[in-house]
Amino acid sequence: MKLTTIFVDENCKGLHSFCYKEHDFLCEFDRLFNLWNNPVYIRRYLKENISYLQGGFYGDITLEEAITEVRRDIQVMQSEILRASINISKRNDENLECLFRPFHNLEIQGKDYQEVKYKLEKWEYKKSKIRLYAIRLSQDTFIITGGAIKLVKLMEDHVDTVKEKEKLKLARNWLKANDFLFEDNLKEYYEEE
Amino acid sequence: MKKNDIKKGNKDWSKKLKFRVKNQKWLDYSAKIAMRIDAVIEDKINFNQLSLAETLKVSPQQVSKILKGEQNLTLKTIGNLSDALGFELISFPPYKDSYIRLMQFEIGDYSNNNEIVFKSSSNEINKNLNANQTKETSQKDECIVISMNMDGRTNSKEIAS
């Protein structure tokens with residue numbers, strides 16, 4: 001496992017990402033958005049998982065509608081992340097703190113090594129299908145662990161979301177084991193790399 | 001990684017994302033074309049991306065690029081792709097001119113093809129039929145048969161003359 005920056009300020013606050021060996025240490029954030037911006041990948045993924053889509057969690061929709069909704073989610077997320085990149089540490093409603101919510105719905109934001117998720121709010125009664133998962137290291141400092149096209153209500157119900165849950169746990173343990181507690185530790189890490 | 005790199009962050013990501021946000025509209029068109037190509041190839045027997053490249057006389061890499069949905073395709077390329085696939089990749093929704101009929105008929109009149117027709121102005125007919133309907137008239141015993149194609153479904157309605 002390695003870490004890389006996505007956008008950070010001089011204090012290393014901002015968005016970071018894990019890079020995994022299984023993907024040749026590509027930045028996970030970059031890898032996901034490249035994949036999600038590939039329309040043929042989205043179409044084939046949804047088609048392969050059509051039985052989950054037909055499970056009813058997202059209502060009575062066609063494959064084409066599902067594709068449109070997923071692509072719309074990705075486009076909005078990209079715009080929001082871009083806005084957050086110019087609002088690092090600013091106290092407004094467009095910063096990273098506003099994007100990420102605790103992974104466990106009933107948890108309060110602010111725990112050490114907190115597992116968090118980024119999903120869009122409901123839009124025209126449509127539930128967002130894209131998730132980005134991260135560890136919140138400190139205020140305004142997040143490290144992306146992965147992401148998924150979530151087709152089921154519970155993460156346990158699909159192999160891909162189960163994997164993402166495991167990645168979150170692994171990332172949390174890795175950060176703990178390597179004493180990353182604040183953005184300063186990240187700064188030292190990058191300087192040593 | 002040097003100290004300065006930390007400040008800059010991942011500039012590649014930022015560039016890519018800005019490009020995607022700024023060019024969302026045409027990228028969306030390109031993505032829709034890519035997905036339609038993928039679906040048509042899937043339905044064709046003994047036809048794949050390589051066959052498409054051969055038919056178009058382009059490299060397989062070129063086809064692969066098109067399928068990534070980030071190519072600003074020219075109308076010529078879209079036309080060539082449609083021909084190669086035997087499938088129209090783009091179509092135009094009907095607009096006002098599509099509903100203006102140039103001839104008016106009377107009930108009982110026969111057109112040049114000996115078809116029995118309505119007594120109605122084109123405006124009235126169009127008002128009663130939805131935008132996507134196509135209409136035909138033909139003589140069938142003592143009835144006028146109107147065939148309507150509404151959103152892919154075909155209905156027919158018989159009116160005694």
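The following paragraphs describe the fold, the salt bridges and the surface patches of a two-chain structure, which is a predicted model.

It helps to begin with the overall build of chain A. This chain has 7 helices and 7 strands. Read from the N terminus, its elements follow the order β-β-β-α-α-α-α-α-β-β-β-β-α-α. The radius of gyration of chain A is 17 Å, close to the 16 Å that the globule rule gives for 193 residues, so chain A is as compact as a globular protein of that length. Along the principal axes, the C-alpha trace of chain A spans about 50 × 35 × 30 Å. Of the 193 residues in chain A, 54% are buried.

Helix α1 of chain A, residues 28-36, gives a good example of burial. In this helix, 7 of the 9 residues are buried, so α1 is largely enclosed by the rest of the structure. The buried residues of α1 are A:E28, A:F29, A:D30, A:R31, A:L32, A:F33 and A:W36. A reader following along in the structure can look for these side chains one by one.

Chain B comes next. Chain B contains 7 helices and 3 strands. Its elements, again taken from the N terminus, run α-α-α-α-α-α-α-β-β-β. Buried residues account for 31% of the 161 residues of chain B.

With the two chains introduced, the charged contacts can be followed. Side chains of opposite charge can pair when their charged atoms come close. Over all chains, the count comes to 18 salt bridges. One of them is formed by A:R43 and B:D38, whose closest N and O atoms are 2.8 Å apart. Because A:R43 lies in helix α2 of chain A (residues 39-48) and B:D38 in helix α3 of chain B (residues 24-43), this pair joins two chains. Both partners can be checked for burial, for which the cut-off is a relative accessible area under 20%. A:R43 has a relative accessible area of 7% and is therefore buried. B:D38, at 4% relative accessibility, counts as buried too. The pair also belongs to a wider arrangement, since A:R43, A:R44, A:K47, B:D38 and B:E42 are linked in a network of salt bridges.

Another salt bridge between the chains is made by the side chains of B:D28 and A:R71, at 3.1 Å from N to O. This pair crosses from helix α3 of chain B, which holds B:D28, to helix α4 of chain A, which holds A:R71. With a relative accessibility of 10%, A:R71 counts as buried.

Helix α4 of chain A also takes part in a salt bridge within chain A. Here the side chains of A:K129 and A:E69 meet, with a distance of 2.4 Å from N to O. The two residues are 60 residues apart and link distant parts of the chain: A:K129 sits in the loop between β5 and β6, while A:E69 belongs to helix α4 (residues 63-85). A:K129 has a relative accessible area of 0% and so is buried. A:E69 counts as buried as well, at 10% relative accessibility.

The last part of the tour turns to the surface, where patches of like character can be found. On chain A, a positive surface patch is formed by A:K119, A:K122, A:K127 and A:K153. Of these residues, A:K119 is found in the loop between β5 (114-118) and β6 (130-138). A:K119 has a relative accessible area of 39% and is partly exposed.

Chain A carries a negative surface patch as well, made by A:D184, A:E188, A:E191, A:E192 and A:E193. One member of this patch, A:E191, lies in helix α7 of chain A (residues 183-192). The relative accessible area of A:E191 is 39%, which means that this residue is partly exposed.

On chain B, a patch of another kind appears. B:L75, B:I90 and B:F92 make a nonpolar surface patch of about 380 Å². B:L75 is located in helix α6 of chain B (residues 75-85). Its relative accessible area of 68% is over the 50% cut-off, so B:L75 is exposed.

Terms used: Residues are numbered from 1 along each chain as its sequence is written. Chains are lettered from A and ligands numbered from 1 in the order in which they are written. This is a predicted model: local features need pLDDT of at least 70, side-chain atom pairs count only at pLDDT 80 or more; totals for chains, interfaces and linings use all residues. Side-chain values use heavy atoms; hydrogens and water are left out. Patches are made of residues with over 30% relative accessible area and no salt bridge: like charges are joined within 9 Å, nonpolar side chains (Val, Leu, Ile, Met, Phe, Trp, Tyr) within 5 Å. Accessible areas come from the Shrake-Rupley method with a 1.4 Å probe; for residues, only the protein chains shown count as cover. A salt bridge is a side-chain nitrogen of Lys or Arg within 4 Å of a carboxyl oxygen of Asp or Glu. Lys and Arg count as positive and Asp and Glu as negative; His and the chain ends are not counted. The place of a charge is taken as NZ of Lys, CZ of Arg, CG of Asp or CD of Glu. Helices (H or I, at least four residues) and strands (E, at least two) are DSSP runs, numbered from the N terminus. Buried means under 20% relative accessible area, exposed over 50%, partly exposed in between (1.4 Å probe, protein chains only). The radius of gyration is taken over C-alpha atoms; the globule rule is 2.2 Å times the number of residues to the power 0.38.
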